Amino acid sequence: MSSTATKPPGSQLSDALARDRLGVAAIVFFMMSAAAPLTVVAGVVPTGLAVTGLTGIAIAFLAVALVLAIFSVGYVAMARHIANAGAFYAYVSQGLGRPVGVGTSWVALLSYNMFQVASYGGFGAIAEPLFADWFGLNIPWWALALATWALVAVLGVRDVAVNGKVLATLLVAEIALTLVFSFAEIGADTFTASTEALDPGNLVGAGAGALLVMAVTGFVGFEQSVVFSEESRDPRRTVPRATYIAIALIAVVYAFASWAMISAAGPTVVERAGAEGPELFFNLASDQLGSTALHLGHILFLTSLIAAMISFHNIIARYMFSLGREGVLPRAFGRTVPGTGAPKNGSLAQSALGLIVIVAYAVFDWDPLVQLFFWGGTGGGLGVLLLVTITSFAVIGYFARNPQGEDLLHRVIAPVVSSILLIIMTYLAIDNIAGLLGVEEGSTPALVVPLSFVALFIGGIIWGLILRGSRPQVYAGIGLGARSATTAGGFAAALNEPEGYR
């Protein structure tokens, strides 16, 4: 089979992504690599403990998993009707209207890019002292970040199956080590089973929003199953299976590992997290397993960050491809690499942005760990929470107009329940954003992070409305992806839609 599809006459589309490349396992690897289990357990959780002082993270992981599982009932049902690498963008466009869909796409690009560039900062900051310890080399963080940037840039224009194999190898190793270390911590002399980490009361008390955003950050990537729907085999079955498997695995690994770490560290876990940072998880385990295990943990922690970079790079490139082929972004972004079907220009654009951020942080001597890794990951988590919430309402809107083929649970009950829960989570997250970032109420970061999403969302809506008036044929194809067979067909379909949707 050819790696790219032939464009129909008069098509609005540019090139097509490679078909039939990914099965359930490969998509799960992409999803969980973006989630970066070891990075979250050893990096995000201790940093979050130190910044927020909140220890109920294990129950927060389980609660978020439940909400996302309910959301996924309608989400994967919609995937049976729409196959589009734009995922959230495509769903919102067809559920709430094209202008709102464009606004959503801009929020998605910012959110995923925040995660991507945050990974570069985390890798450089954590690798710098390790390389000095291992090899006696004093390499600045930005040089190490640039080395991984180059690797990700090269893989970004390779066959998606190649990326999947790399991620599979890295992911299996890091999950195995996370579980081994967690069991070792249970055997520590200081271990006392923590009830605080699993107390549901943490989800309604002060700081609940901060806990939930921390937990959401750990699940980012679960939605990737739909991003890769155009490249998967039998997406009607592959997408739902991969989504539910990933959510379940992420929830179990995170909740167990964070509970074990908090229990092993004891009452001083917050103080130790502040003093030891990402080393806390490894130090607790190395007390039982020895220094060799400590070094292995550090190695896999770094490869976990690399896996996350690769995965997020693929997401961003496919979002830009989806927007480019439909003309929402310049058409050049809708081009693929001949023979591999990789989204070429979308990948190169993301690589350029990553390079700019690394250089800027190096030149201005900004903190790559707190101001890039933690703030970027936290901001990205809030952005994805906003995206999931909007998409949940889009699922309701889509099935209100297209009820055929789905039962009441998939098109009404689950989407409505998830929308209510997600609205509550979003409110709590925004209300606690200052505490989550570890800054004062009303400070610049506390204002800039949420307002940047609002500004981009409004800007995207305005751009969508401009396209409706100035480029109606482009506007007609928004969100239709590979189903936008011809400009004439898409335009005619748009004219027949209800006015509120258009």
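This presentation walks through several local features of the structure shown above. Colleagues, please keep in mind that the model is predicted.

I begin with the salt bridges, of which the count comes to 2. As general background, side chains of opposite charge can pair when their charged atoms come close. One pair is formed by Arg 80 and Glu 406, whose side chains meet at 2.9 Å, N to O. This pair links distant parts of the chain, for the two residues are 326 residues apart. Arg 80 sits in the loop between α3 (57-79) and α4 (88-96), while Glu 406 sits in the loop between α15 (369-401) and α16. Is Glu 406 buried or exposed? Glu 406 has a relative accessibility of 10%, and because buried means under 20%, it counts as buried. Arg 80, with a relative accessible area of 22%, is partly exposed.

The other pair is Arg 272 with Glu 276, where the closest N and O atoms are 2.7 Å apart. Here both partners belong to helix α11, residues 269-276. They are 4 residues apart, which is about one turn of the helix. Both ends of this bridge can be described in terms of cover: Arg 272 is partly exposed at 23% relative accessibility, and Glu 276 is partly exposed at 22%.

I turn next to two helices and the glycines that follow them. Helix α4 is mostly covered, with 8 of its 9 residues buried. The buried residues of α4 include the aromatic residues Phe 88, Tyr 89 and Tyr 91, and Val 92, Ser 93 and Gln 94 are also among them. After α4 comes Gly 97, which has a positive phi near 115°. In helix α12, residues 279-289, the buried positions are Leu 280, Phe 281, Phe 282, Leu 284, Ala 285 and Ser 286. Just after α12, Gly 290 takes a positive phi of about 95°.

A positive phi also appears outside glycine. In general, most residues other than glycine have a negative phi. Asp 365, however, has a positive phi near 55°. Asp 365 is placed in the loop between α14 (344-364) and α15, and at 67% relative accessibility it counts as exposed.

Let me now consider how parts of the chain are arranged relative to one another. How do the axes of helix α6 and helix α13 cross, and at what angle? The axes of α6 (residues 141-156) and α13 (residues 291-325) come within 10 Å and cross at roughly 40°. The two helices are therefore oblique to each other, and their crossing is right-handed.

A further approach between separated parts of the chain involves Thr 55 and Ile 262. Their C-alpha atoms are 7.5 Å apart, although their positions lie 207 residues apart along the chain. Thr 55 belongs to the loop between α2 (37-52) and α3, and it counts as buried at 15% relative accessibility.

Finally, I come to the surface. A nonpolar surface patch of about 690 Å² is made by Leu 408, Leu 409, Val 412, Ile 413, Val 416, Val 417, Ile 420, Leu 421 and Ile 424. One of these residues, Ile 413, is found in helix α16, residues 408-431. Ile 413 is partly exposed, with a relative accessible area of 41%.

To close, I return to one contrast: Glu 406 counts as buried, whereas Asp 365 counts as exposed.

Notes: Residues numbered from 1 in each chain as written. Predicted model: local features only at pLDDT ≥ 70, side-chain atom pairs only at ≥ 80, totals over all residues. Heavy atoms only, no water. Patch = residues over 30% accessible without salt bridge, like charges linked within 9 Å, V, L, I, M, F, W, Y side chains within 5 Å. Areas by Shrake-Rupley, 256 points an atom, 1.4 Å probe, with all protein chains shown as cover. Salt bridge = Lys/Arg side-chain N within 4 Å of Asp/Glu carboxyl O. Buried < 20%, exposed > 50% of the residue type's maximum accessible area, 1.4 Å probe, protein only. Axes fitted to C-alpha atoms, helices over the stretch in contact; angles between N-to-C directions. Parallel < 35°, antiparallel > 145°, perpendicular 65-115°, else oblique. Left-handed = near helix turned anticlockwise from the far one by under 90°.
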